[in-house]
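Let's take a walk through this one together, strand by strand and ring by ring. Have the viewer open and follow along.

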Amino acid sequence: MSEKIRLQKLLSSAGIASRREAEKYILAGDVEVNGKRAGLGDSADPKKDIVTYKGRKVNYGGEKLYYALYKPRGFVTTMKDEKSRECVASLVEGIGDRVYPVGRLDKDSEGLLIMTNDGDFANTVMHPSGDIAKTYRVSIRSMVNEDQLNRIATGIEIEGKMTAPPKVKDLTEEKGRTVLEIVLYEVRKREIRKMCDAVGLEVIRLKRR
């Protein structure tokens, strides 16, 4: 019995890219099914259909790979950057396997970034329902008062949507500098920086542990 799978899920499972990136490849015309250009929303049967990405056949069922990468500051979390900025692809080009990043760390942040070719694993880690904690060490250029900590811990409205309440711990305080530990289960783009900015705090360093 034929079982068709959405192309973005199929490309993700084959280690080509995350589902979000796969959608961009489909829209750009880089994906074909049985010799015909694919469209967003198309599906394919991996047992019967021939799917190609940039003219190369997509293979399924290979070895699943998982790498823990320390992303330095200054690198964007993508495998290709239209602005020619340094991206994490250059940090894994020597491993000989096609992998892609799970989630993102912004250009100015550093720390743990998982690289894999396992699309199902990547989606489990990134989706809020996976209930997987992401822990960050956040350096602030000032002292932090109790009211600011409480506002972050109870959730802050950002761009019309409340953040899920994180766990916040004050680790160290020095003259003109405070280090916080913030644990998130649902991570939005530049969320920690935006939360801190909303309560008048400037982030000078952010590291995912």
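In which sense do strand β13 and β14 pair, and over how many bridges? Keep in mind as you look that this is a predicted model. The pairing of β13 (residues 167–174) with β14 is antiparallel and runs over 7 bridges. If you want a spot to check the register, find V168, which stands opposite I182 in β14. The two strands make a hairpin with 2 residues between them, and G176 in the turn has a positive phi of about 75°.

Now stay on β14 and look at its pairing with β10. This is antiparallel too, with β10 and β14 joined over 7 bridges. Here a handy marker is S139, whose bridge partner in β14 is V179. As for how much of β14 is hidden, 7 of its 8 residues are buried, so the strand is largely enclosed by the rest of the structure.

Part of the packing around β14 comes from a helix. In α5 (residues 191–198), the buried residues are E191, I192, R193, M195 and C196. What do they pack against? The list takes in β14 (177–184) and β10 (134–140), along with α4 (146–154), β11 (157–158) and β15 (203–208). Just past the helix comes G200, with a positive phi near 80°.

Next, the aromatic rings. The structure has 2 aromatic pairs. One of them is Y25 with Y53, a tilted pair with 5.0 Å from centre to centre and 40° between the planes. Y25 belongs to helix α2 (residues 19–27) and Y53 to strand β5 (residues 51–53), so this pair ties together parts that are 28 residues apart in sequence. Buried or exposed, these two tyrosines? Y25 and Y53 are both buried.

Then there is Y66 with F121. Their ring centres are 5.1 Å apart and the planes meet at 80°, so this pair is edge-to-face. It links distant parts of the chain, with Y66 in strand β7 (residues 66–71) and F121 in helix α3 (residues 119–126), 55 residues apart. How accessible are these rings' residues? Y66 counts as partly exposed because its relative accessibility is 44%, and F121 is partly exposed as well, at 28%.

Y66 also leads us to D118, which sits in the loop between β9 (110–116) and α3. Which residues does D118 touch, leaving aside those up to four places away in sequence? The answer is S12, K64, Y66 and Y100. D118 has a relative accessible area of 11%, so it counts as buried. For a sense of distance, try L7: it is 111 residues from D118 along the chain, and the two C-alpha atoms are separated by 15 Å.

Last stop, the second largest pocket. Its volume is about 400 Å³. Of the 18 residues lining this pocket, A14, G15, I16, N59 and R98 are the closest to its centre. What is the mix of classes in the lining? It splits into 6 nonpolar, 6 polar and 6 charged residues.

Technical notes. Residues are numbered from 1 along each chain as its sequence is written. This is a predicted model: local features need pLDDT of at least 70, side-chain atom pairs count only at pLDDT 80 or more; totals for chains, interfaces and linings use all residues. Side-chain values use heavy atoms; hydrogens and water are left out. On a 1 Å grid over the protein atoms alone, a cavity is a set of points where a 1.4 Å probe fits but cannot get out, and a pocket is an open set with protein on both sides within 12 Å along at least five of seven lines; lining residues have an atom within 4 Å of a point. Grid points are joined across faces, edges and corners, and a volume is the space filled by probe spheres set on the points. Ala, Val, Leu, Ile, Met, Phe, Trp, Tyr, Cys and Pro count as nonpolar, Asp, Glu, Lys and Arg as charged, and the others, Gly among them, as polar. Buried means under 20% relative accessible area, exposed over 50%, partly exposed in between (1.4 Å probe, protein chains only). Helices (H or I, at least four residues) and strands (E, at least two) are DSSP runs, numbered from the N terminus. Contact means heavy atoms within 4.5 Å. Rings of Phe, Tyr and Trp (its six-membered ring) pair if their centres lie within 6.5 Å; planes under 30 degrees apart count as stacked, over 60 as edge-to-face and the rest as tilted. Two strands pair if DSSP finds at least two bridges between them.
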